[in-house]
Protein chains: 4
Amino acid sequence: MINFKDDYSIGAHPKVLAAIQSVNDTTMPAYGEDPVSDRARKLIQNQISTDVDIYFVTGGTLANLIMIAGALRPHEAVIAPEFGHINTHETGAIEATGHKIIQVPSQDGKLNPEALIKAYDENTMPPHMAKPRLVYISNATETGRVYTRSELEKLSQICRERDLYLMIDGARLSAALASPINDLNLSEIAKLADMFWIGGTKAGALFGEAIVLSNPELKPDFDFHVKQRGALLSKGRFLGAQFEALFSEHLYIQNGAHANQMAQSLSEGVTSKGFPLQDTTESNQVFPILSNDKIKALEDRFSFYHWANIDADQSIIRLVTSFTTQISDVDEFIDAL
Amino acid sequence: MINFKDDYSIGAHPKVLAAIQSVNDTTMPAYGEDPVSDRARKLIQNQISTDVDIYFVTGGTLANLIMIAGALRPHEAVIAPEFGHINTHETGAIEATGHKIIQVPSQDGKLNPEALIKAYDENTMPPHMAKPRLVYISNATETGRVYTRSELEKLSQICRERDLYLMIDGARLSAALASPINDLNLSEIAKLADMFWIGGTKAGALFGEAIVLSNPELKPDFDFHVKQRGALLSKGRFLGAQFEALFSEHLYIQNGAHANQMAQSLSEGVTSKGFPLQDTTESNQVFPILSNDKIKALEDRFSFYHWANIDADQSIIRLVTSFTTQISDVDEFIDAL
Amino acid sequence: MINFKDDYSIGAHPKVLAAIQSVNDTTMPAYGEDPVSDRARKLIQNQISTDVDIYFVTGGTLANLIMIAGALRPHEAVIAPEFGHINTHETGAIEATGHKIIQVPSQDGKLNPEALIKAYDENTMPPHMAKPRLVYISNATETGRVYTRSELEKLSQICRERDLYLMIDGARLSAALASPINDLNLSEIAKLADMFWIGGTKAGALFGEAIVLSNPELKPDFDFHVKQRGALLSKGRFLGAQFEALFSEHLYIQNGAHANQMAQSLSEGVTSKGFPLQDTTESNQVFPILSNDKIKALEDRFSFYHWANIDADQSIIRLVTSFTTQISDVDEFIDAL
Amino acid sequence: MINFKDDYSIGAHPKVLAAIQSVNDTTMPAYGEDPVSDRARKLIQNQISTDVDIYFVTGGTLANLIMIAGALRPHEAVIAPEFGHINTHETGAIEATGHKIIQVPSQDGKLNPEALIKAYDENTMPPHMAKPRLVYISNATETGRVYTRSELEKLSQICRERDLYLMIDGARLSAALASPINDLNLSEIAKLADMFWIGGTKAGALFGEAIVLSNPELKPDFDFHVKQRGALLSKGRFLGAQFEALFSEHLYIQNGAHANQMAQSLSEGVTSKGFPLQDTTESNQVFPILSNDKIKALEDRFSFYHWANIDADQSIIRLVTSFTTQISDVDEFIDAL
């Protein structure tokens with residue numbers, strides 16, 4: 001079976017494993033105060049600024065819940081696109097920390113500026129409604145769309161005018177940064193957002209995400225939140241080592257670029273065979289529309305998600321690529337079409 | 001100013017005040033274990049069954065959060081119509097106890113059976129989505145609509161087939177029970193729902209709601225939840241006395257009936273003057289559509305909510321009646337039209 | 001049976017009931033924005049300062065949990081004497097809002113300055129221990145002890161030096177202020193503490209406590225917390241009316257003074273009969289040491305708590321007085337001794 | 001510097017790293033449904049029973065908070081020894097999920113049966129006190145003491161008679177099982193406790209703990225709790241692989257045995273040099289009493305904790321050994337004494 005199901009049922013990049021091996025044999029301070037984590041933080045700061053605070057945690061749900069619960073007072077709410085990961089596939093993790101998510105309708109997974117303003121206005125009725133205080137978006141979105149600089153600037157401006165924190169879930173930031181339509185770098189993202197996280201798991205790590213705090217209001221005591229939610233690893237070096245590998249020699253962006261190229265090749269192959277795509281391919285997800293018969297046939301050799309029905313005969317499928325996808329995998333799929 | 005703004009900026013019914021006065025002068029056991037609360041509980045049980053457990057609390061948000069937080073495990077979620085009070089005007093009180101609200105689109109405030117099934121199905125993906133476990137509805141709804149027996153039976157059946165608790169917010173249950181379209185009594189409600197509350201505040205109390213637990217699974221240790229959330233009054237007799245008054249000599253239903261009759265008179269008056277209603281009047285809320293000029297003129301003598309815009313010239317207003325509304329208030333309004 | 005069991009199994013003061021009656025008959029803005037609540041807030045501010053914010057809620061557990069949860073970030077903890085009400089008899093209400101209580105050993109219910117410093121020091125190990133951020137004390141304490149000005153100044157100073165909020169649970173503040181050993185007024189308390197509450201329930205109200213916020217940091221958005229925890233009454237006038245009565249014509253302090261005088265008479269009577277007291281009587285609680293035989297005999301006509309065993313033959317009992325205690329009740333008890 | 005400071009500022013066992021490397025190169029189902037995690041679960045079940053459910057998470061605080069929050073209803077509390085890790089060094093993680101910890105005085109870190117009964121009795125006052133429902137102990141304790149079978153049987157019996165869950169924090173279970181005084185195996189522990197966790201991090205893993213649920217009441221929907229608290233890793237194979245390595249060829253117990261032997265050698269060396277131990281050495285922690293001058297001298301070459309002061313001249317230090325400690329490390333320390 002060739003995997004187009006997701007970008008996380010794979011292993012880690014060999015350089016990441018090698019980095020872990022290389023830091024194993026000595027005693028180091030625990031809890032992320034080790035020299036490996038220091039070097040990893042500096043490598044990331046080199047791309048942003050020494051002013052940002054950086055914390056490593058093992059997964060995206062942990063990153064999201066720590067950052068949101070750490071930023072908000074009890075009565076404050078999050079505004080998120082309806083298909084934002086925190087609103088759909090995190091088992092109510094944010095609500096479990098006490099905070100309401102105000103969901104905004106969204107066609108493509110992106111947060112539309114007018115929809116954001118409308119949601120803000122409709123949810124402002126002190127003290128009867130939870131107070132909107134933080135806007136959550138994902139880049140790339142859950143369906144692979146990528147924010148442009150002007151889009152992010154617009155959202156950032158709306159947030160600042162309304163005293164809303166802007167937070168970016170970067171589970172697929174590697175693919176976003178490497179997207180052909182991307183015109184943002186980490187430093188600019190850190191200026192436009194108040195905090196975000198750099199997803200390692202889908203970009204070559206065993207597991208690991210780097211939280212970046214740029215707004216000074218969000219920094220004090222953040223380490224307490226990491227510890228309280230169970231995310232402070234004693235052997236923190238092993239998270240640091242992974243990010244040291246990912247941020248050395250451009251591995252992080254290369255992994256995203258490779259995944260995106262495979263997705264582009266898939267997209268071109270699918271359309272060249274005469275099949276439409278549901279959506280333009282901006283990062284590492286492709287959404288072909290195929291007949292149900294063809295889908296059935298493909299399922300013997302390829303794993304992928306059945307995304308949605310178009311009608312009785314046709315459906316949308318989702319193909320996801322990663323740094324491990326081979327061009328031969330793509331070719332096989334196109335041939336099988 | 002004549003008040004059609006809401007049914008809670010008024011005082012209490014004189015019989016309720018008299019009841020409070022009458023139980024003041026002796027020593028009684030604290031924390032709701034007094035004979036007055038016992039009598040009140042029995043009066044309510046007389047209309048339902050001795051099998052139900054009854055607790056008195058001071059307000060609707062307290063009732064909702066205690067009942068929901070008491071019923072659910074941490075990963076379990078509530079399904080509610082999008083305009084359900086817990087989803088809009090309780091400042092995230094349910095989420096503050098850790099639980100997600102899955103909101104269901106609704107035109108008239110009621111929960112549609114097909115929409116409920118769809119929401120259940122779309123939110124079932126263990127363990128990645130919070131598990132739907134409780135369905136919340138209001139009767140009357142936030143816009144005054146009333147559930148019929150067949151509607152409630154249908155919802156109850158859907159819930160039982162899916163292991164979902166059915167809970168009814170009865171902030172305006174007095175008006176619902178007294179509605180011309182109502183064909184349910186408290187006993188039947190207690191059979192179809194797993195728990196509900198009987199709203200006193202809008203029906204003549206100073207403040208007070210009676211929680212009714214009929215599903216035996218929900219009863220153990222409920223008193224702990226009441227205490228933990230700050231709702232266990234030491235001088236519990238004063239809640240009991242109010243419900244003793246409301247459930248003696250049919251005062252509770254009479255107060256609802258009076259409010260409804262005033263709303264019917266308002267509706268008839270409005271339509272007789274040639275103005276349409278946005279919605280049929282089923283309980284104590286009326287939604288006339290008027291020109292903005294007329295609305296402006298009415299605002300000098302009457303208080304009411306501007307509900308929604310129809311177009312540049314016309315709007316919907318909301319008129320709410322209560323047990324204190326006089327027929328002369330209604331007549332004045334119709335005359336002013 | 002004559003009641004010395006507690007100060008809350010009684011009714012309300014007649015003036016409080018009269019005040020409720022007197023504000024019943026008109027329409028007023030809901031949610032505490034009514035003129036009655038305004039007047040009550042002003043009466044309290046007259047004794048403190050117009051700079052303090054005041055909110056009325058129905059009970060002590062609600063007051064405690066709203067104030068503490070509103071003041072703290074998720075990783076912050078409360079320091080409290082081990083027998084502080086929040087640590088013993090509130091069913092984990094504070095922990096249910098997410099916060100640890102660090103308990104400090106205490107002989108007499110008071111927080112000892114050295115013990116406070118020790119608890120602070122032993123619980124400071126960022127980020128591995130919850131961060132001490134708020135100190136909770138009760139005045140009078142759960143056993144009737146009263147803080148002097150110098151004691152409160154010392155605690156206040158310790159708190160300010162360590163960035164700790166100082167909060168006072170005033171369930172029995174009426175008795176504390178009226179205590180012969182008290183040398184503090186409300187204005188001074190508001191300067192030494194960051195927030196506190198004035199207990200109405202035990203001092204003549206049906207139910208009701210007045211939260212006073214003096215530290216400006218604690219004021220923003222406090223109304224959201226009141227609403228979110230279910231404490232914002234729609235008919236807020238009925239809380240306002242009670243405090244208007246209690247703070248007119250010195251009723252609040254008179255009720256405390258009466259209770260204290262009854263306790264003094266009890267204390268003198270007990271000692272004059274040759275029985276020792278476990279503790280000095282500073283407010284409205286008396287702790288005689290009696291033989292178990294005598295206790296048994298007294299239980300036929302008087303209700304009180306069996307507090308603790310001294311040995312096989314003797315025990316401590318607790319006698320609580322209130323504004324309803326009659327001198328004839330006291331005399332009967334002394335005679336029965 | 002030779003490390004006796006702790007057992008977690010070290011790396012992983014080479015076999016653990018090799019196991020991670022060996023499972024890297026193929027696609028596998030995500031979220032712990034991979035064959036590697038299956039094999040690891042079976043290896044552990046082989047030592048207990050196929051009836052237990054097993055989940056892998058990355059750290060001890062996560063394990064503790066998921067297990068406790070998953071087991072308890074909102075009003076239920078934990079009883080724990082005062083120095084239990086959840087009560088001291090987890091930043092209020094348990095309280096952050098809403099639950100009170102009732103702390104029991106303890107000299108040696110163990111929970112004393114009489115003290116447990118006393119704490120249970122003193123905290124039973126429904127509904128005014130949080131309801132004791134779960135007893136938390138650590139084996140080995142935070143100071144290296146090990147429970148014997150008869151001790152654990154006694155605690156288990158007390159718990160079952162009172163409807164209390166018994167939970168064991170096994171951060172150092174490797175050392176406990178390998179202790180000379182241990183007479184329990186995993187299967188017996190699973191019978192006496194309702195749930196426990198097997199600590200990997202201190203026994204050779206990079207990071208990882210295995211949660212074992214034996215009481216059937218605790219199993220339903222446990223996967224939701226793991227996901228909601230952020231502990232469900234997408235690439236679950238990397239946790240499975242570590243436990244497959246630890247539970248193959250007795251590595252888990254061997255690592256504990258080695259650490260314990262080093263501690264025994266340290267103990268013998270210290271006493272042979274004429275210095276007393278504060279406590280008997282039962283696992284991998286040693287508590288010598290030394291003069292402050294000697295401690296100062298040792299700090300140049302050895303890292304360890306200054307545990308407590310004995311008097312002006314002498315102190316207790318803590319020496320911790322691990323699977324990485326060399327006998328030459330021990331010899332150097334004894335020589336330096």
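This tour moves from the relation between chains, through one contact between them, to a single strand inside chain B. The model is predicted, and every value quoted along the way is computed from it.

**The copies**

Begin by selecting chains B and C together. Chain C can be laid on chain B by a turn of 180° with a shift of 0.0 Å along the axis, and the RMSD of that superposition is 0.0 Å. The two copies are thus related as by a two-fold rotation axis. If you now colour the interface residues of chain C, 100% of them are also interface residues in chain B, so these copies meet through the same surface.

Next, hide chain C and show chain D beside chain B. Here too a rotation of 180° with 0.0 Å of shift along its axis brings chain D onto chain B, with an RMSD of 0.0 Å. To find where this axis passes, select Arg73(D), whose C-alpha is the one in chain D nearest the axis, at 3.4 Å from it. Of the interface residues of chain D, 100% are also interface residues in chain B, so the copies meet through the same surface.

**The contact between chains D and B**

Keep both chains in view and select the residues in contact, of which 14 come from chain D and 15 from chain B. On the side of chain D that touches chain B, the element that gives the most is helix 10 of chain D, residues 222-228, with five residues. Colouring that side of chain D by class shows five nonpolar, four polar and five charged residues.

**Strand 8 of chain B**

Now leave the contact and select residues 209-213 of chain B, which form strand 8; five of its five residues are buried, so the strand is largely enclosed by the rest of the structure. In a regular strand the side chains alternate between the two faces of the sheet. With side chains switched on, Glu209(B), Ile211(B) and Leu213(B) point one way from strand 8 of chain B, whereas Ala210(B) and Val212(B) point the other way.

Which strands pair with strand 8 of chain B? Add strand 2 of chain B, residues 53-57, which pairs with strand 8 of chain B in the antiparallel sense over five bridges; within this pairing, Phe56(B) has Ala210(B) as its bridge partner. Then add strand 7 of chain B, residues 195-199, which also runs antiparallel to strand 8 of chain B and is joined to it by five bridges; there, the bridge partner of Trp197(B) is Ile211(B).

Terms used
Residues numbered from 1 in each chain as written. Chains lettered and ligands numbered in written order. Predicted model: local features only at pLDDT ≥ 70, side-chain atom pairs only at ≥ 80, totals over all residues. Contact = placed C-beta atoms within 7 Å. Helix = DSSP H or I, 4+ residues; strand = E, 2+ residues; numbered from the N terminus. Nonpolar A, V, L, I, M, F, W, Y, C, P; charged D, E, K, R; others polar. Least-squares fit on C-alpha atoms with pLDDT ≥ 70 in both. Buried ≥ 20, exposed ≤ 12 C-beta atoms within 10 Å, placed from the backbone. Pairing = 2+ DSSP bridges.
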